[in-house]
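Student: Could you take me through one part of this protein up close? I'd like to know what is there and how far to trust it.

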Amino acid sequence: MVYGQIFHQLSPGDCFINVNVGGFKQRMEHTVLQRFPQTRLGRLLCCSSKEAILELCDDFSPSDMEYYFDRSPRFFCYVLNFYLTGKIHLVDGLCVVSFFQEIEYWGIKERHLDFCCSNKFHELMELAEDKNFDEMSDELQTCSSQSSADEVSALEENVDMFEGSWCADVRRNIWIRLENPGYSTTAKAMAVASLSVVMVSIVAMCVHSMADFHQVDANEKEIENPVLIFFENLCVLFFSAEYVLRLAVAPSARKFLCNPLNIIDLMSVMPFYVTMACGILDEDEGEGTDLGNVGKVVQIFRLMRVFRILKLARHSAGLRSLGATLRHSSREVGLLVLFLSVGVSMFSALIYCVEKESQESELQTIPIGWWWATISMTTVGYGDTLPVTFAGKLIGTLCIICGLLIVALPVTNIFNKFSKFYQRQRR
């Protein structure tokens with residue numbers, strides 16, 4: 001049974017329904033609505049109770065058989081045109097998002113858009129999605145960025161954490177100046193001093209690797225350059241004092257130790273103390289079987305001094321934006337790795353098939369083909385391995401072209417995210 005059989009007996013007027021949309025009244029034939037049974041008005045014809053009717057409209061009058069909808073009467077004129085023609089058109093002056101919500105309410109699908117409005121609708125929806133992404137980026141940036149304004153806001157929220165602790169006022173003032181370079185002239189001077197020491201440490205590390213600055217003793221044994229040792233010790237002393245001071249005045253030691261920038265600070269000074277401890281153990285043990293292993297550990301920890309370069313992130317909006325971009329681009333990075341993996345696997349097998357018979361070619365195994373396909377698809381091209389046959393060169397050309405296309409697809413989205421994060425960091 002349908003609604004007409006429930007509320008009153010069928011009459012000649014039952015082939016119509018009365019619709020009231022925001023004060024605009026219209027009688028509509030059943031035959032017209034039955035052409036589109038999946039729409040909201042079409043579904044009204046199949047309702048078997050008043051409760052089911054009220055799920056589709058805002059109010060209902062059984063005596064007048066009139067359905068009330070609290071929607072835009074202006075847009076409903078376009079809905080009427082849709083039932084008559086089977087096509088819906090964009091409404092001039094109406095936001096595309098509101099238009100989409102209206103057609104979704106009335107149960108009209110996007111495929112019913114006329115060809116003259118379809119392309120424009122999709123273009124406007126893409127623009128709306130871009131604006132929505134901007135708003136999402138703002139929210140993500142508020143949560144993830146370490147900009148000065150965000151840090152000051154976080155500090156203000158944590159003011160109560162200093163209350164009741166030892167030297168609360170002094171710790172609060174030092175903490176703000178260490179964490180927010182824009183707070184005062186003193187804070188700026190401290191930030192410049194920290195950045196200068198980081199740069200000196202990086203330069204000293206680079207100079208230490210140059211043979212011209214190596215020195216030897218009377219026994220022709222290589223020794224450390226005293227000037228470089230002085231600068232190294234000075235920088236480590238500054239970094240250690242800065243880290244201990246930050247930890248001492250931090251409102252929450254647990255949050256401080258879990259902060260990525262503070263972990264980098266710890267990793268930048270730890271190799272110095274581990275190397276020193278290994279040196280002391282080396283002198284105590286003298287010549288032993290574990291001497292070579294200790295030396296390797298020392299070399300590894302010396303290489304870990306490269307973490308000091310990451311300390312620049314504390315003073316660089318660009319590096320912080322890069323970190324935020326990578327955190328929020330895991331899907332794009334995963335797609336990039338997937339695309340490259342598929343391409344490398346395919347082209348390495350192809351190049352092996354056409355090059356294995358050539359004695360001059362070095363591409364005699366698929367693992368070597370992986371290396372060749374990787375440097376070709378990423379357009380690095382070291383030139384250490386290359387195809388020599390005509391078929392191999394043709395495959396190499398296709399490999400490079402596919403690599404350009406594969407890398408460009410997700411990288412564009414990553415770059416757009418980085419641009420938006422960086423603009424907000426600068427603001």
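Tutor: Sure, and let's start with trust, since this is a predicted model. One stretch where pLDDT stays under 50 is residues 140–152. The model still gives that stretch 26 contacts beyond four places in sequence. Where pLDDT is low, though, the predicted coordinates shouldn't be read in detail. The start of the chain raises the matching issue: over residues 1–13 pLDDT also stays under 50, with 22 contacts beyond four places in sequence. Helix H1, residues 3–7, sits in there, and its mean pLDDT of 40 is the lowest among the elements of the chain. At the other end of the scale is strand E4, residues 66–69, which has the highest mean, 91.

Now for the close look: the hairpin of E1 and E2. Strand E1 covers residues 16–21 and strand E2 covers residues 24–29. The two run antiparallel, and six bridges join them. At the turn, Val21 stands opposite Phe24 in E2. Two residues lie between the strands, and Gly22 takes a positive phi near 60°.

To put that hairpin in its setting, the chain has 19 helices and six strands. It runs to 427 residues, of which 36% count as buried. Among contacts between residues at least 6 apart in sequence, 63% join residues at least 24 apart. The accessible surface comes to about 25400 Å², and carbon and sulfur atoms account for 62% of it. As for confidence across the whole chain, pLDDT averages 77, and 77% of the residues score at least 70.

Notes
Residues are numbered from 1 along each chain as its sequence is written. This is a predicted model: local features need pLDDT of at least 70, side-chain atom pairs count only at pLDDT 80 or more; totals for chains, interfaces and linings use all residues. Side-chain values use heavy atoms; hydrogens and water are left out. pLDDT is the predictor's confidence in each residue, from 0 to 100. Helices (H or I, at least four residues) and strands (E, at least two) are DSSP runs, numbered from the N terminus. Contact means heavy atoms within 4.5 Å. Buried means under 20% relative accessible area, exposed over 50%, partly exposed in between (1.4 Å probe, protein chains only). Accessible areas come from the Shrake-Rupley method with a 1.4 Å probe; for residues, only the protein chains shown count as cover. Two strands pair if DSSP finds at least two bridges between them.
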